[in-house]
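Work through the exercises below with the sequence and the structure in view. Try each task before you read its solution.

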Amino acid sequence: MSVEHDRVIAKARGERSFICLRCRYELDGVPMNDAHGVVCPECGYEMRFHVQVRLESNDQVYQQSVKKTLNRMDRVLTRLAFGLVAVAVVVVLVMIFF
Ligand SMILES: [Zn+2]
């Protein structure tokens, strides 16, 4: 594993706390092995730090339009979910009373 990854992970662990993915135990100070792995001292769950590099647009107009589209999709999906729940409630009520 690369020394550069070790540095990036150490920096990230210094800036925020990571918690066990199974039991939510705080992993501050839990040593990392050579494969970037950590074992939760509370529940024994084995995890691994993963370093990811992401390329994103520097175009502010494009970024704004992507955000707006995602917000719009979020609203549509939320309304759809509420609609489905309402339909399910009506169906259950009809089944109970008729
Ligand atoms: Zn755990």
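**Exercise 1. Place Arg7 and judge its exposure.**

Solution. Arg7 belongs to helix 1. Helices are DSSP runs of H or I with at least four residues, strands are runs of E with at least two, and both are numbered from the N terminus. Next, count neighbours. Arg7 has 11 C-beta neighbours inside 10 Å, so it counts as exposed. The cut-offs are these: buried means 20 or more other C-beta atoms within 10 Å, exposed means 12 or fewer, and partly exposed lies in between, with C-beta atoms placed from the backbone. Finally, look along the chain. Ala35 is 28 residues away from Arg7, and their C-alpha atoms are separated by 13 Å.

Two notes on the source apply throughout. Residue numbers start from 1 along each chain as its sequence is written. The model is predicted: local features need pLDDT of at least 70, side-chain atom pairs count only at pLDDT 80 or more, and totals for chains, interfaces and linings use all residues.

**Exercise 2. Do the same for Ser2.**

Solution. Ser2 sits in the segment before helix 1, which covers 3–15. Ser2 has 9 other C-beta atoms within 10 Å, so it is exposed. Now take a distant partner. Val38 lies 36 residues from Ser2 along the chain, with 16 Å between the C-alpha atoms.

**Exercise 3. List the elements and test the helix lengths.**

Solution. Start with the inventory: two helices and two strands. Their order from the N terminus is α-β-β-α.

Then take helix 1. Its 13 residues reach 19 Å from first C-alpha to last, close to the 18 Å expected at 1.5 Å a residue. The expected span is 1.5 Å times one less than the number of residues. Helix 1 lies largely in the open, because the number of buried residues in it is zero.

Now helix 2, residues 60–97. Its 38 residues should span 56 Å, and the end C-alpha atoms are 55 Å apart, so the two values agree. Helix 2 is hardly covered, with a buried count of zero.

**Exercise 4. Which residues in the loop between helix 1 and strand 1 have a positive phi without being glycine?**

Solution. Take Arg24. It lies in the loop between helix 1 and strand 1 (37–39). Its phi is positive, about 70°, although Arg24 is not a glycine. Arg24 has 11 C-beta neighbours inside 10 Å and therefore counts as exposed.

Now take His36. This residue lies in that loop between helix 1 and strand 1 too. Phi of His36 is near 65°, again positive in a residue other than glycine. With 16 C-beta neighbours inside 10 Å, His36 counts as partly exposed.

**Exercise 5. Describe the chain as a whole.**

Solution. Begin with the domains. The assignment gives domain 1 (3–48) and domain 2 (57–98). Such bounds come from an automatic or database domain assignment. The centres of domain 1 and domain 2, taken over C-alpha atoms, are 36 Å apart.

Next, check the extent. The C-alpha trace spans about 65 × 45 × 20 Å along its principal axes. The radius of gyration is 23 Å, whereas a compact globule of 98 residues would have one near 13 Å. That radius is taken over C-alpha atoms, and the globule rule is 2.2 Å times the number of residues to the power 0.38.

Last, check burial and contacts. Of the 98 residues, 1% count as buried. Among contacts between residues at least 6 apart in sequence, 25% join residues at least 24 apart. A contact requires C-beta atoms, placed from the backbone, within 7 Å.

Note on methods:
Two residues are in contact if their C-beta atoms, placed from the backbone, lie within 7 Å.
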